[in-house]
Amino acid sequence: MSGEEYQKSVLDRVSDLFIELLAKLIDRVRPGWYERNRSKVSEWKLMAYALNRSPPGVIGLILVLAFIFVGIFGPIIAPFSYRYFAIYDAPGSDLAQPGTVVVTKDNRTLYFPLGTDHFGRDLLSLLLQGARTSLVISIITIALGVPFGIILGLVAGYYGGKVDELIMRITDIFLAFPALILAIAFAAVLPERIHEVLQSNAWLRDFFLWLFALDQKDAGILSRPLAVILALIIVWWPGYARIVRGSTLSARENLYVEAARAVGLSNRTIMFKHILPNIIGPVLVYITLDFGGIVLMEAGLSFLGLGAVPPIADWGRIVYDGSQYFPRAWWLIFIPGLVVILSALGWNLLGDALRDILDPKTRRSIEFKLKKRRREE
Amino acid sequence: MTQQPIIKVQNLKKYFPVKGIFFTKGYVKAVDDVSFEIMRGETFGLVGESGCGKTTVARTILRLIKATSGRVFFEGKDVFKLKGDELLWFRRKAQIMFQDPYSSLNPRMTVFEIIMEPVRFHKIEVGDPEDFVVGLLETVGMNRDHLYRFPHEFSGGQRQRIALARILAMKPEFIVLDEPTSALDVSVHAQILNMLRDLQRERGFTYLFISHDLAVVKYMSHRIAVMYLGKIVEIAPSDKLFEEPLHPYTQALLAALPIPDPEYTRKKPKIEIRGEPPSPINPPPGCRFHPRCPHAMKICKEKEPPLTQVEPGRFVACWLYTGRKG
């Protein structure tokens, strides 16, 4: 009954394999790591088992992985460029219906599985390209906004007193405005400033063009999605400052923090090595949930005409432009809408499942159940 | 044992403000004018009931919280004025072992990391880190298998051993033991206590042993101080205190100590103290014990008795004795 005491499902075996592979990979880079971190690896496996036992979590994970995969490879696998405008005479309509074959004026026969938009662009390609826009915007927003919020929250919670008051009152000011209104205001004002910066920094422009998988010709309108990113960062950090401050307040009462102080460790070491790793669980859950929130809000801003403008592909923008042809061109509303919903849903389901997985009690109970079932057999 | 103080505490006070809506309503006098000395190599016991300020004394001495006033000398140096390298030296030489081993170890670090962190921070020369940590673990009765495990994989007693190994890694001289066994199973008490005593004998540690368990304090300590409501009421050598307690509070405490002997229990003097300890926010004037004291006199309500030496090595703060000796 040594290694075989678990009653594992197929999914468990898959996740085991994956985690073993990952651990071996780390071991290759840092020899001896696996030996030293056996406990950590078995904890990871338990976390995977916990996820495997939550169907919504698995569905969420699949949706999220699909979103990320499409976000990375979408522009490459797209059948058409987002800048390919098909010119044709469609019988009775200037918008090709889903699944139609169209003969263009330059005598090419093209198949549009999801139809075209009013510019004659393939909707499938636009959605694939739009995934990149959505992914890049949400990742940059999280990558910049969350650390900023975490650091402020840690400092406020750890030092307390006047520092806490100052930071939290500033946070309150940002939280006082409805997030969407604040984001609209910033997204409306920022593009011109950003445009100037991009004009003078060629490498920055090229970097973002590459990131969004855009053509050089679209450099002029690049400032629009970047403004959305900045606006989202501005409205997103205060939430994290709040959560982290609260968790820090309770975590700093732990004796290991006092022990670290008795050793003489600096406040910075205590904050980042002793407090942060112990409060990161809820933060991770929020990050996952917020990915969905950002995808939604970004689509919302674009729908209001504030984000990316054509020809940059953006899910919210496709719906906005398509709304003029509704209900005739229903596919321009329903299909991008469905894609947005599925991505946001994926992140939310995963976030909910993560909440359970990161709770050590759930893990222990799953460990217990797995072992017990084996014993009963 | 050399009669040379390693720690000297003078008039230590720690008041915690009680905040009202707009301004401070008052202070909790957790530690009020406490003075004592601890000799090198001895175990100084500090007893008292819950909330009397024992732990606050320890945390203030180690400069984990700021004292309201008073001074602490560690090997002749004023602890509250230490800076830079000298402060680091103090942090290394004076350590604390906490009551609750379930919260004193960072759950995200392995045993190896927990023990090596202070060593790396203080740049202590140890040779091979793994061998060094295994050596320490063996000293505290654990082994190499435990090296890369996380705290949640251990029992309370084992965690307390890990905490002790972390302290030993820094090669300290003075260790505060803040109720090191009170969170553990009774069966583990003796193991931990004996280990602490053996270590003291081998390495000449000085302990400040805090506990509310009189039997344990008696077993561990050379000298004992009794605290009541933020003040020390009596300091005496361990055996003397148990033979002949002077302060009425100490007498009551010892009388409450259960002794598994029915003959003795029937015969032993019954000293009862009534009521609860008063709130430390508004301690009674005069002697703090007078509302519950069976011997309370007029002077007890008016003037606070000073801690005076009544015999060599015996100090008591009570008008019953202070008056007698002038």
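The paragraphs below lead through a predicted model of two chains, A and B, from chain A to the sheets and helices of chain B and then to the contact between the chains.

Chain A has 377 residues, of which 42% count as buried. Its secondary structure comprises 14 helices and 2 strands. Along the principal axes, the C-alpha trace of chain A spans about 75 × 60 × 40 Å. When the contacts in chain A between residues at least 6 apart in sequence are considered, 72% of them join residues at least 24 apart.

The two strands of chain A form a hairpin. Strand S1(A), residues 100–103, and strand S2(A), residues 109–112, pair in the antiparallel sense, and 4 bridges connect them. One of the pairings places A:Thr100 with A:Phe112 as its bridge partner in S2(A). Between the strands of this hairpin there are 5 residues, and A:Asn107 adopts a positive phi near 65 degrees.

A second local feature of chain A lies among its helices. A:Pro178 is found in the loop between helix H6 (161–176) and helix H7 (179–200) of chain A. With 10 other C-beta atoms within 10 Å, A:Pro178 is exposed, because a residue counts as exposed when that number is 12 or fewer. A:Pro178 and A:Val235 are separated by 57 residues in sequence, while their C-alpha atoms are 8.8 Å apart in space.

Chain B contains two open sheets that may be taken in turn. One has 4 strands in the order S2-S1-S4-S5 (chain B), with antiparallel pairing. Strands S2(B), residues 24–39, and S5(B), residues 77–78, stand at the edges; each has a single partner strand, so one side of each lacks a neighbour in the sheet. At the S5(B) edge, strand S4(B), residues 69–74, is joined to S5(B) by 2 bridges and runs antiparallel to S5(B). Within this pairing, B:Phe73 has B:Asp78 in S5(B) as its bridge partner. Helix H1(B), residues 54–61, packs on the sheet and touches strands S1(B), residues 5–19, S2(B) and S4(B). The direction of H1(B) makes about 115 degrees with that of S1(B).

The other open sheet of chain B has 8 strands, ordered S6-S7-S8-S3-S9-S10-S12-S11, and its pairing is mixed. Its edge strands are S6(B) and S11(B), residues 308–311, each of which pairs on one side only. From one strand to the next, the twist averages 25 degrees. Within the sheet, strand S3(B), residues 43–47, and strand S9(B), residues 223–228, run parallel and are joined by 4 bridges. In this pair, B:Val47 stands opposite B:Val226 in S9(B).

Helix packing in chain B can be followed through H4(B), which packs with H3(B) and also meets H5(B). Two packed helices are described by the angle between their axes and the distance between the axes. For H3(B) and H4(B), the angle is about 100 degrees and the axes are 10 Å apart; these two helices are therefore roughly perpendicular to each other. From H3(B), the contact draws on B:Phe112, B:Ile115 and B:Met116, and from H4(B) on B:Pro129, B:Val133 and B:Leu136. By class, this contact has 6 nonpolar residues, with no polar and no charged ones.

The axes of H4(B), residues 129–139, and H5(B), residues 156–169, come within 9 Å and cross at roughly 125 degrees. That angle makes H4(B) oblique to H5(B), and the crossing is right-handed. Here B:Leu136, B:Leu137 and B:Thr139 of H4(B) meet B:Ala165, B:Leu168 and B:Ala169 of H5(B). The residues of this contact divide into 5 nonpolar, 1 polar and no charged. B:Leu136 thus takes part in the contact of H4(B) with H3(B) and in the contact with H5(B).

The last step is the contact between the chains, where 22 residues of chain B touch 17 residues of chain A. On the chain B side, the elements that give two or more residues are helix H2(B), residues 84–93, strand S6(B), residues 94–97, and helix H3(B), residues 111–121. H2(B) gives the most, with 3 residues. The side of chain B that touches chain A is made up of 12 nonpolar, 5 polar and 5 charged residues. Two of its contributing elements have appeared above: S6(B) is an edge strand of the sheet of 8 strands, and H3(B) packs with H4(B).

Definitions and conventions:
Residues numbered from 1 in each chain as written. Chains lettered and ligands numbered in written order. Predicted model: local features only at pLDDT ≥ 70, side-chain atom pairs only at ≥ 80, totals over all residues. Contact = placed C-beta atoms within 7 Å. Nonpolar A, V, L, I, M, F, W, Y, C, P; charged D, E, K, R; others polar. Pairing = 2+ DSSP bridges. Axes fitted to C-alpha atoms, helices over the stretch in contact; angles between N-to-C directions. Parallel < 35°, antiparallel > 145°, perpendicular 65-115°, else oblique. Left-handed = near helix turned anticlockwise from the far one by under 90°. Buried ≥ 20, exposed ≤ 12 C-beta atoms within 10 Å, placed from the backbone.
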